[in-house]
Amino acid sequence: MQDPVRKVVIAGGGTAGWMTAALLKKVLQAQVDIELVESEDVGTIGVGEATIPPIQTFNQFLGLDEKAFLRETNGTIKLAIAFENWRKQGESYFHTFGAPGATLGICGFQHYWLRARKAGLDASLWDFDLNYLGCKAGKFNKIQSENPVYNMGYAYHFDSTLYGQFLRRLAEQAGAKRTEGMIEHVSLNTKTGFVNGLQLTDGRQVTGDFFIDCTGMRSLLLQKALGVAYEDWSHWLAADSALAVPSQRHQQTAPYTRSIAREVGWQWRIPLTHRNGNGLVYSSAYLNDDKARNMLMDNLDTEALDEPRKIRFKTGRAEKQWHKNVVAIGLSSGFLEPLESTSIHLIQSAIVRLLKMFPNNAVTPSMEALYNEESKDEYETIRDFIILHYYLNERDDSDFWQDMQRLTLPDRLAQKINAFKDTATVFNEQNDMFRDASWVQVMMGQGIMPADYHPSADVHSDSAILDIMAKVYEAKQQPIAQMLSHDDFLARYTKIQ
Ligand SMILES: Cc1cc2nc3c(=O)[nH]c(=O)nc-3n(C[C@H](O)[C@H](O)[C@H](O)COP(=O)(O)OP(=O)(O)OC[C@H]3O[C@@H](n4cnc5c(N)ncnc54)[C@H](O)[C@@H]3O)c2cc1C
């Protein structure tokens with residue numbers, strides 16, 4: 001048994017460190033002291049600009065004013081990711097955060113859409129998705145309606161450094177203490193193996209009862225000091241490198257991220273209000289760094305504002321994310337490439353999980369085990385969702401894409417794909433952050449056309465199902481005309497009154 005947890009030390013002040021400090025302080029208030037140690041000399045990874053919708057809940061819980069948040073982080077609205085050339089060169093589809101179609105019965109909208117196609121419908125699944133329509137029109141507005149047909153889920157693009165600074169102010173105002181210093185050594189209790197302090201290069205010692213490792217890919221506490229092993233997933237997700245470069249903003253700010261598949265890997269474009277974030281994610285086994293650099297720089301559609309920065313990574317996760325009195329949050333706990341913008345969400349969900357299981361007194365093995373089980377499941381379901389995009393490609397222009405078609409899939413993913421192919425049904429895992437609509441869009445976007453659909457869709461005659469579809473279509477199209485352009489929305493919404 002260890003001492004009661006009265007002081008939490010957070011090692012690292014990137015997005016993970018400051019998100020953790022801000023939320024822990026907000027919830028636990030004076031129950032725990034929080035000290036965050038970070039080194040400006042080490043710095044942060046400095047990427048991570050696209051998010052998924054649950055970040056709204058995180059920000060709301062912290063009491064962030066959305067207008068101020070967008071203003072201070074140069075943020076924009078993200079309705080979707082456009083996947084270009086992923087299935088085949090020249091083809092594209094959207095993975096939106098919306099609710100395609102409408103609830104028409106016990107099964108998903110795709111079943112009714114398939115039924116309607118049999119009756120002669122020629123509209124695509126996405127034509128029934130308000131988010132998609134907003135992306136195509138470059139428009140956005142907040143829709144005040146209880147009707148789920150008008151649900152327009154959204155997330156943000158933002159400057160991650162500015163977001164970190166924003167959260168730092170909040171955490172410090174709430175009483176978190178920041179210590180500037182370079183961690184040189186992590187000292188362990190010789191009897192229990194628990195961490196009892198961080199030794200800084202200038203000789204200072206930062207002690208605590210519970211430690212949160214937010215030291216990024218270095219994982220100084222969990223992996224280095226406590227020796228927790230890393231599970232390597234590069235046999236499924238081959239990318240191990242990225243080049244990131246900012247470029248001039250576009251005249252019109254798109255309300256979505258672009259993910260453009262290249263000969264090896266893919267390129268992102270993230271629109272912020274003051275610039276675009278760009279990068280190439282690739283596998284060094286298929287493409288050398290010089291060629292990767294050219295591939296990125298030749299494909300920027302606005303002027304580069306800097307030299308590209310190289311980042312190496314290994315896809316996978318720490319076998320345990322909580323060990324003894326250390327929990328790793330952020331890149332120290334693992335990394336899945338940024339294809340579906342999931343890392344910041346994994347930080348958020350790890351903090352919430354930790355808070356739910358936060359020890360009132362001593363750290364207990366039962367909580368540790370539960371925490372580890374949930375986070376493993378969460379990581380694995382996201383991993384599978386990302387593999388899906390690569391595996392289902394039909395490209396024949398490079399060894400990279402052909403090899404991706406030959407991947408040996410995790411069993412759960414293989415079952416999911418087969419079930420969808422046969423029946424149009426998505427079987428969802430409890431801890432999967434991507435719900436049915438996401439899986440449907442990516443599976444169909446990557447080329448699966450299910451062989452069958454649910455029998456309940458057949459209760460409608462041909463004319464009845466076409467009539468229902470026409471009504472849903474009209475309902476979805478109707479709000480677009482009244483919406484503002486994305487730029488006008490941002491300008492009006494974030495204007496200081
Ligand atoms: C190419 C790429 C693109 C990405 N894009 C996205 C995206 O679009 N969306 C998304 O959600 N996520 C994205 N991510 C992930 C995202 O960047 C991270 O999840 C997020 O920034 C959190 O990083 P972190 O805080 O864990 O680590 P870091 O930012 O690396 O922070 C580590 C902290 O630890 C401190 N530190 C380290 N060593 C020491 C030491 N010895 N002494 C003192 N302090 C130390 C550093 O100073 C720093 O404060 C991307 C990642 C990569 C690699």
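This passage describes the disulfides, the cysteine burial and the salt bridges of the structure.

The coordinates are those of a predicted model, in which local features need pLDDT of at least 70 and side-chain atom pairs count only at pLDDT 80 or more, while totals for chains, interfaces and linings use all residues. Residues are numbered from 1 along each chain as its sequence is written, and side-chain values use heavy atoms, with hydrogens and water left out.

With a disulfide taken as a pair of cysteine sulfur atoms within 2.5 Å, the count of disulfides is zero. Relative accessible area was classified as buried under 20%, exposed over 50% and partly exposed in between, using a 1.4 Å probe and protein chains only. Cys-107 is buried, at 12% relative accessibility, and Cys-135 is likewise assigned as buried, at 4%.

Salt bridges, defined by a side-chain nitrogen of Lys or Arg within 4 Å of a carboxyl oxygen of Asp or Glu, number 35 across the whole structure. One of them pairs Arg-87 with Glu-394, the closest N and O atoms lying 3.0 Å apart. Arg-87 is located in the loop between β4 (80-84) and β5 (92-96), and Glu-394 in the loop between α10 (365-391) and α11 (399-405), so this salt bridge ties together parts that are 307 residues apart in sequence; here helices (H or I, at least four residues) and strands (E, at least two) are DSSP runs numbered from the N terminus. Glu-394 is partly exposed, its relative accessible area being 34%.

A salt bridge is also formed by Lys-310 and Asp-289, with 3.0 Å between the closest N and O atoms. Because Lys-310 belongs to strand β18 (residues 309-312) and Asp-289 to helix α8 (residues 289-297), the pair ties together parts that are 21 residues apart in sequence. Both residues fall in the partly exposed class, Lys-310 at 46% relative accessibility and Asp-289 at 21%.

Within a single helix, Lys-471 forms a salt bridge with Asp-467, again with the closest N and O atoms 3.0 Å apart. The two residues are four residues apart in helix α14 (residues 462-477), and Lys-471 and Asp-467 are therefore separated by about one helical turn. Lys-471 is exposed, with a relative accessible area of 55%, whereas Asp-467 is partly exposed, with a value of 40%. Beyond such individual pairs, salt bridges that share partners connect Glu-38, Glu-40, Arg-178 and Glu-180 into one network.
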